[in-house]
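Here are a few short exercises to work through with the structure open beside you. Try each task first, then follow the solution step by step.

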Amino acid sequence: MSYLRPSLVMLILLTAITGIAYPLLTTGLSQLLFSGAANGSLIYQGDKAVGSALIGQNFTQPGYFWGRPSATSDSAYNAMASGGSNLAATNPALDKAIGERATQLRQANPAMSGPIPVDLLTASGSGLDPQISLAAAKYQVARVANARQLSQEQIAKLIDENTDRATPNFMGESVVNVLKLNMALDALK
């Protein structure tokens, strides 16, 4: 019985520290120091949030750049179902999916005869990647330019303006956020 009171006091004290004070402190500091990231890295068009810089969106129209395929279960880029396909490189289902994507990309981009960039064929580990490589963006230039009746030079310039460069260059690769690039395309009108 002599241990009951100290046990209850410690329970209340630790609950207050770990369940109330610490979460309030970390939330307050993150809002103060990193408010954009703490609030989901949202991208706004005017005063309306149209997406997140951290989660891809499913663009399929010819006048837009297409992102990396999503492996999320019920719908493309479902943040509640983040995860890869978990298919091994030797799995026939993966070969079939890549073959179907390659066929779709070749039909949509008939001006391109070279190899298709791998990030347009395979999903990422999270299935939510919002960026594509420069090679993947350049692969789609002719299709987007044709659909929007713009020159390929205009589209290439837009890609260059919307490229997130790797810093320093040996740490990763430069990438393009598909949503930001497509918003910049829409802003040309």
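## Exercises around a helix and a patch

Helix 5 is followed by Gln149, whose phi is positive, near 55 degrees. Keep in mind that the model is predicted.

**Exercise 1.** Work out whether helix 5 (residues 141-148) is largely enclosed or not, and why.

*Solution.*
- Step 1: Recall the cut-off, since buried means under 20% relative accessible area.
- Step 2: List the residues of helix 5 that are buried: Val141, Ala142, Arg143, Val144, Ala145 and Arg148.
- Step 3: Compare with the length of the helix. Because 6 of the 8 residues are buried, helix 5 is largely enclosed by the rest of the structure.
- Step 4: Look for the cover. What lies over these buried residues includes helix 3 (92-108), helix 4 (134-139), helix 6 (152-161) and helix 7 (178-187).

**Exercise 2.** Find the ring that Arg143 lies over, and the ring under the charged end of Arg148.

*Solution.*
- Step 1: Start at Arg143, one of the buried residues of helix 5. Arg143 lies over the face of Trp66, 4.1 Å from the ring centre.
- Step 2: Move along to Arg148, also among the buried residues. The charged end of Arg148 sits over the ring of Tyr64, at 4.7 Å from its centre.

**Exercise 3.** Decide whether Leu32 is buried or exposed, and name the patch residues it joins.

*Solution.*
- Step 1: Locate Leu32 in helix 1 (residues 4-33).
- Step 2: Apply the cut-off, as exposed means over 50%. Leu32 has a relative accessible area of 67%, so Leu32 is exposed.
- Step 3: Together with Leu25, Leu29, Leu33 and Phe34, Leu32 makes a nonpolar surface patch of about 560 Å².

Notes
Residues numbered from 1 in each chain as written. Predicted model: local features only at pLDDT ≥ 70, side-chain atom pairs only at ≥ 80, totals over all residues. Heavy atoms only, no water. Buried < 20%, exposed > 50% of the residue type's maximum accessible area, 1.4 Å probe, protein only. Helix = DSSP H or I, 4+ residues; strand = E, 2+ residues; numbered from the N terminus. Contact = heavy atoms within 4.5 Å. Lys NZ or Arg CZ within 6 Å of the ring centre and 35° of its normal. Patch = residues over 30% accessible without salt bridge, like charges linked within 9 Å, V, L, I, M, F, W, Y side chains within 5 Å. Areas by Shrake-Rupley, 256 points an atom, 1.4 Å probe, with all protein chains shown as cover. Salt bridge = Lys/Arg side-chain N within 4 Å of Asp/Glu carboxyl O.
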